[in-house]
Amino acid sequence: MTTTKKSKALMYILTTLLVLLFLFPLIWMLLTSFKSAEEILRVPPTILPDQFNLKNYADALAKQPIFRFLFNSLVVSLGSAAFSVLITAMAGYGFSKFNFRGKEAMFFLILSFLIVPFQSIVVPLYKWITKFGLTDTYLGILVDESSAHRIPVKIMYRHHISIGKCPHN
């Protein structure tokens, strides 16, 4: 075996071991979900359950509205992604294709908000959402999720500037 083949084989072995190390907690969690309460608390712990048991899943579905939680997550994630793409694409296009008074100052203002940590605007944002009656609504969550999208405006701006330019010129 040559040195490059040995180093490549060693790299694959190390990568596989690292992946298994990172996956172990997830595998442990999945296998533990099939155990009874007694098996979970057993000392020393066992990796595989004595008997695969779906009772924990049935209990979770009976006690909590899991599918409602999944639906809420889907609505918020897709809604905030769509809202972010829509707003930042329009803002980036406007900044890249139109010349208007105060364009540089507005763009600088948007980019200067990058140095403001999100944690410092949480309380004012909550007060604003409460003032407009958006607490416990999807729209309130979308406003909150979309308030941190300052970097995509710069990305969309650079993208719209590149449209129509030939890379060979």
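Trainee: Which residues does Phe 107 touch, not counting residues up to four places away in sequence?

Mentor: This is a predicted model, and in it Phe 107 touches Phe 95, Val 153, Lys 154 and Tyr 157, once residues up to four places away in sequence are left out of the count.

Trainee: Which residues make up the largest nonpolar core?

Mentor: The general idea is that, in soluble globular proteins, nonpolar side chains tend to be buried together. Here the largest nonpolar core has five residues, namely Phe 95, Phe 107, Val 153, Tyr 157 and Ile 161. Helix H8, which spans residues 151–162, supplies the largest share of this core, with three residues.

Trainee: How should I read the confidence of the model, and which elements have the lowest and the highest mean pLDDT?

Mentor: The pLDDT is the predictor's confidence in each residue, on a scale from 0 to 100. For the protein the mean pLDDT is 85, and 93% of its residues reach 70 or more. Among the elements, H8 has the lowest mean, at 72, whereas helix H1, residues 3–32, has the highest, at 93.

Trainee: Thr 32 is found in helix H1, but is Thr 32 buried or exposed?

Mentor: Thr 32 has a relative accessible area of 17%, and because buried means under 20%, this residue counts as buried. Leaving aside residues up to four places away in sequence, Thr 32 touches Ile 40 and Asn 56.

Trainee: Let us turn to helix H7. Which of its residues are buried?

Mentor: In H7, which runs over residues 138–146, the buried residues are Gly 140, Leu 142, Val 143 and Ser 146. When H7 is seen down its axis, these buried residues fall within an arc of 165°, so they line one face of the helix.

Trainee: Which helices do the buried residues of H7 pack against?

Mentor: They pack against helix H4, residues 66–97, and against helix H6, residues 122–131. You can look at H4 through Val 75, which has its place in that helix and counts as partly exposed at 27% relative accessibility. Although Val 75 and Leu 142 are 67 residues apart along the chain, their C-alpha atoms are separated by 9.4 Å.

Trainee: Sequence separation and distance in space can then be read side by side. How far apart are the C-alpha atoms of Gln 64 and Glu 104?

Mentor: Those two residues are 40 residues apart along the chain, and their C-alpha atoms are separated by 51 Å. Gln 64 lies in the loop between H3 and H4 and is partly exposed, with a relative accessible area of 41%. A further pair to examine is Val 116 and Ala 62, which are 54 residues apart in sequence and 44 Å apart in space, C-alpha to C-alpha. Val 116 has its place in the loop between helix H5 (103–112) and H6, where it is partly exposed at 26% relative accessible area.

Trainee: How many aromatic pairs are there, and how is one of them read?

Mentor: A pair of aromatic rings is described by the distance of the centres and the angle of the planes. The count for this structure comes to seven aromatic pairs. In the pair of Trp 128 and Phe 132, the ring centres are 5.1 Å apart and the planes stand at 65°, so the pair is edge-to-face. Trp 128 is partly exposed, with a relative accessible area of 41%, and Phe 132 is also partly exposed, at 48%.

Trainee: Which residues form an aromatic cluster, and where does the charged end of Lys 35 sit?

Mentor: Phe 34, Phe 52 and Tyr 57 form one aromatic cluster. The charged end of Lys 35 sits over the ring of Trp 28, at 4.9 Å from the centre of that ring.

Trainee: Turning to the backbone, which residues does a cis peptide bond join, and which residue has a positive phi although it is not a glycine?

Mentor: The cis peptide bond joins Val 43 and Pro 44, with an omega of about -5°, and Pro 44 lies in the loop between helix H2 (37–40) and helix H3 (55–63). The residue with a positive phi, of about 60°, is Asp 136, which is not a glycine. Asp 136 is placed in the loop between H6 and H7, and it is exposed, with a relative accessible area of 84%.

Note on methods:
Residues are numbered from 1 along each chain as its sequence is written. This is a predicted model: local features need pLDDT of at least 70, side-chain atom pairs count only at pLDDT 80 or more; totals for chains, interfaces and linings use all residues. Side-chain values use heavy atoms; hydrogens and water are left out. Buried means under 20% relative accessible area, exposed over 50%, partly exposed in between (1.4 Å probe, protein chains only). Helices (H or I, at least four residues) and strands (E, at least two) are DSSP runs, numbered from the N terminus. The arc is that of the directions from the helix axis to the C-beta atoms. Contact means heavy atoms within 4.5 Å. Rings of Phe, Tyr and Trp (its six-membered ring) pair if their centres lie within 6.5 Å; planes under 30 degrees apart count as stacked, over 60 as edge-to-face and the rest as tilted. A charge sits over a ring if NZ of Lys or CZ of Arg is within 6 Å of the ring centre and within 35 degrees of the ring normal. A nonpolar core is a set of buried Ala, Val, Leu, Ile, Met, Phe, Trp, Tyr and Cys residues joined through side-chain atoms within 4.5 Å.
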